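Work through the exercises below with the sequence and the model open. Try each task before reading its solution.

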Amino acid sequence: MSAKKKGSKISKAEKEKLQKEEDERKQKEEEEARLAAEQEEQERRERQHREQQEQERLELKDKERREDELNELRHLLEENHTAVTKLEAELKRKAKWERYMRCDGSPDPSVLQEINTFISLWWEDAETQVTPVLQQCDLALQLIEELEGLIADDPEPQEMMQYKDTLLSLQKLIHAKHNLITEDILKLANTQSDIETGNMQSVVQDKNITLCLWANLNKNPRFKGFEFQEVRLGFRLPKQLAVSDVAVRILHTRYDHLSHLSRPTPPRSRSSFASVAAGDQESQGPAHTPLAPPTAAAEAEGEQEGRASALPGDEAEVQSLKSESRKSAMSVHSGKEDRKSAPLKPVEEGGSGQEGTQTLVEGVPSGEGTSPPPAVESAVTESLVASVVDLHQFSSLGGVFYFDVFHLPPQAHSLNGWEIRQLLDTGLQVFPYPCEHTPLHSATSAKLDESIALSCPPVGASVSLPDSVIFLEEPQVARWDPTDQHWKTDCISDVSYDASERRITFKMDSFYVFTLMQDSYANMPFQDWELRPLAQDTALLTINGALIELSITIKGNQCMLQTALENAPAHIQGQWMSASALQNGMRAAGINIFTDEHSDKYVSVNAKDPLIEHTVYEQMALLSSAVAFSWSQWNAQCGQEHLVLQVCEQLEAGPVKLGAWSLYLLGAQRSQQLAMSEGSPAFSPQLAPGTEFHSTFLHMLRDALSPDATQRIRASHHHYVETTVQRLLCATRVLTYS
């Protein structure tokens, strides 16, 4: 055994020999690796040198033709713009001439003498029959629409002021006429009483309004509320009102004449409507104190808001229901009225050169009342500011609901064959609810609010969502404050929404004008988008939003919206219209995909240089008859100064084939095709083999287009390019908001 071990033992000489062979082998491998590395480095340097030379050659080539490419692009854009401007000017002249030659008796709202005559004669017209009055209101709404179009054309400052004043006068006049027919119907309430309930309920509606009236003739203390079944509007009353001589009105106007009156506020950061409303409720404690009780002064200040109004020449004298023992009270003043020490006095509100409505307002001695502590005043101010709806973020949808309670006008009585009626010239009289009180911000104010809340419970309202709008999220309720001129979320509680019935119910501590709100940017940011051609001057823009997907078919200067939404508004779904009309219609219907100067404050965006972005949209529009464009995930990875999108030639009407897309990197100085694909693991700005740099996106793509595609692009009509495709791209800004 020991001899065998001895024979297998390696001698020292053998060890040295093996070690030497191993060292030589390692040395040889290292030498080979060094030579390979040197060769690889040499090849890399040579390749880098060739690439640099090629890069310099392409850059030099691009530089040499840069001026020509920019000039050609500028010429194309200017040519299109000039043609569109000329055609639009001709259309305006033609429309103005047709308006002048119209012989239907309607005034031209741009001619001051004509419109003033129309307004004056209508003010003096004592007609109270529902049908003719609503027909005149419809004509006035058409005039308002014309004025809005004139204002949108950005006229001279003097004309702009004239148009706005005329528009406000017409809006106030329309609502005054609504009040007039309301009063006329209520005067005959006992002749139209319902046999079952003993009360009067009436519904009047046309294409612009729905007027629901309920007169409390029976005064049943067990009465809780009423539902107008045919229009699915309802209300609930507390016992105090159920036993009073009151009439309730719900006037639903399918237009909004209040939001544009809202005082300007700076844009705020994105916030949840519901959270703001919840914060308002918490800050108000156990009871909601109205910011502006429906006093007579509030009605005078907000005549156009519909709290109370009368025809010029009539006096709307509102009787105060406060007890004589109360020596001091806070009255609601117009922003133009100073607080003075005075007895009850008329406050005159003028408008449009007509005699103003007069309303009795209770004066307050300037030295009376207790000033709130600075800390409490600051907290109250912050609460009031928080309750104001940011109209940069939220939009009123479906029109406005005027929810009012009035004193029931004196009813006629029959005596010996004679009909006896007390005639009043006061017009509609607002019934104050809850009772007015002094809003003292002191240690006792919370107890006072609680006692008022217990004695004056809130009133309820229920509304079915209008068919003309789509709410992508749960609708929110806001009330109009005529004193502060804002939509607010305070004084509203117990909001409940039934999505299956499309119905919302809530309570308010008084009777207010209210509306339904939605986040304007609920469908942003976009998940992806695609613009692909269908034929000559025809394309399909598809946008997959945060909540819904929609598509817009573009044909010449007309657009058509298509969505998969159930109960999509029929007036815009599948209807051909201009790009501007489509934008206005979609916004009004609650399907907003369009941006404005404040949108980036409410939507998470990929910030891009606006000038580069606009230039790309211009060139996409020029190419859109033959080239398809699509969203790319790498657009968010290339920085603010560059844009990335997928592109391919598309002459067929069907979807783009898989694998046909190419990536393009666009910047201020040059455009290039990328070697990477949409499915690459990382972003790389490497130039695609066999391609060149170009100073414009248009020339970059034209190098690779077929003759048929080039011919189709050259044949594109300027109306299709600029008026429709470019306008939609600039309005949606898909490269930034996706």
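**Exercise 1. A salt bridge within one helix**

Task: Classify E22 as buried, partly exposed or exposed, then find which residue forms a salt bridge with E22.

Solution. This is a predicted model, so every value here is computed from predicted coordinates. Start with the accessibility. E22 has a relative accessible area of 29%. Buried means under 20% and exposed means over 50%. E22 is therefore partly exposed. Next, the partner. E22 forms a salt bridge with R25, with the closest N and O atoms 2.3 Å apart. R25 is partly exposed too, at 38%. Finally, the spacing. E22 and R25 are three residues apart in helix α2, so about one helical turn separates them.

**Exercise 2. A buried pair in α2**

Task: Decide whether R65 is buried or exposed, and whether E69 is buried or exposed. Then place their salt bridge in its network.

Solution. Take the pair first. The side chains of R65 and E69 meet in a salt bridge, at 3.5 Å from N to O. R65 has a relative accessible area of 18%, so R65 is buried. E69 has 5% relative accessibility and therefore also counts as buried. The two residues are four apart in helix α2, which means about one helical turn between them.

**Exercise 3. A bridge between distant parts of the chain**

Task: Find the salt-bridge partner of D153, and say where each residue lies.

Solution. The partner is K92, and the closest N and O atoms are 3.8 Å apart. D153 sits in the loop between α4 (130-152) and α5 (157-187), while K92 is in helix α2. The two are 61 residues apart, so this pair links distant parts of the chain. D153 is partly exposed at 43% relative accessible area, and K92 is partly exposed at 48%. Now return to the network of the previous exercise. Salt bridges with shared partners join K61, R65, E69 and E692 into one network. Across the whole structure, a search finds 27 salt bridges.

**Exercise 4. Two more residues of α2**

Task: Contrast N80 with M101 in accessibility, and describe the surroundings of each.

Solution. N80 lies in helix α2. Its relative accessibility is 12%, so N80 counts as buried. Leaving out residues up to four places away in sequence, N80 touches L622, H718, V721 and E722. M101 lies in α2 as well, a helix that covers residues 12-101. M101 has a relative accessible area of 45% and is therefore partly exposed. On the surface, M101 forms a nonpolar patch with W97 and Y100. Together the three have about 420 Å² of accessible area.

**Exercise 5. The largest nonpolar core**

Task: Which residues touch the most other members of the largest nonpolar core, and which helix gives the most to this core?

Solution. Begin with the general tendency: in soluble globular proteins, nonpolar side chains tend to be buried together. The largest core here has 59 residues. W529, I552, M586, M620, F629, L645 and F697 touch the most other members. Helix α12 (residues 610-623) gives the most, with seven residues. Now follow M620. Beyond its neighbours within four places in sequence, M620 contacts W529, F629, L645, F697, L729 and L735. A second, separate core has 50 residues, including L143, A189, I209 and Y402.

**Exercise 6. How α11 is covered**

Task: Which residues of α11 are buried, and what covers them?

Solution. α11 runs over residues 579-589. Its buried residues are A579, L582, Q583, G585, M586 and A589. Their cover includes the strands β20 (549-555), β21 (558-563) and β22 (576-577), and the helix α15 (718-732). Then look just past the helix. G590 follows α11 and has a positive phi, near 85 degrees.

**Exercise 7. Overall fold and confidence**

Task: Summarise the whole protein, then mark where pLDDT is under 50.

Solution. The protein has 15 helices and 26 strands. Of its 738 residues, 46% count as buried. Among contacts between residues at least 6 apart in sequence, 70% join residues at least 24 apart. Confidence comes last. Mean pLDDT is 82, and 81% of residues reach 70 or more. Over residues 281-372 pLDDT stays under 50, and the model has 194 contacts beyond four places in sequence for them. Residues 438-445 are also below 50, with twelve contacts beyond near neighbours in sequence.

Notes:
Residues numbered from 1 in each chain as written. Predicted model: local features only at pLDDT ≥ 70, side-chain atom pairs only at ≥ 80, totals over all residues. Heavy atoms only, no water. pLDDT = per-residue confidence, 0-100. Contact = heavy atoms within 4.5 Å. Buried < 20%, exposed > 50% of the residue type's maximum accessible area, 1.4 Å probe, protein only. Patch = residues over 30% accessible without salt bridge, like charges linked within 9 Å, V, L, I, M, F, W, Y side chains within 5 Å. Areas by Shrake-Rupley, 256 points an atom, 1.4 Å probe, with all protein chains shown as cover. Salt bridge = Lys/Arg side-chain N within 4 Å of Asp/Glu carboxyl O. Core = buried A, V, L, I, M, F, W, Y, C linked by side-chain atoms within 4.5 Å.
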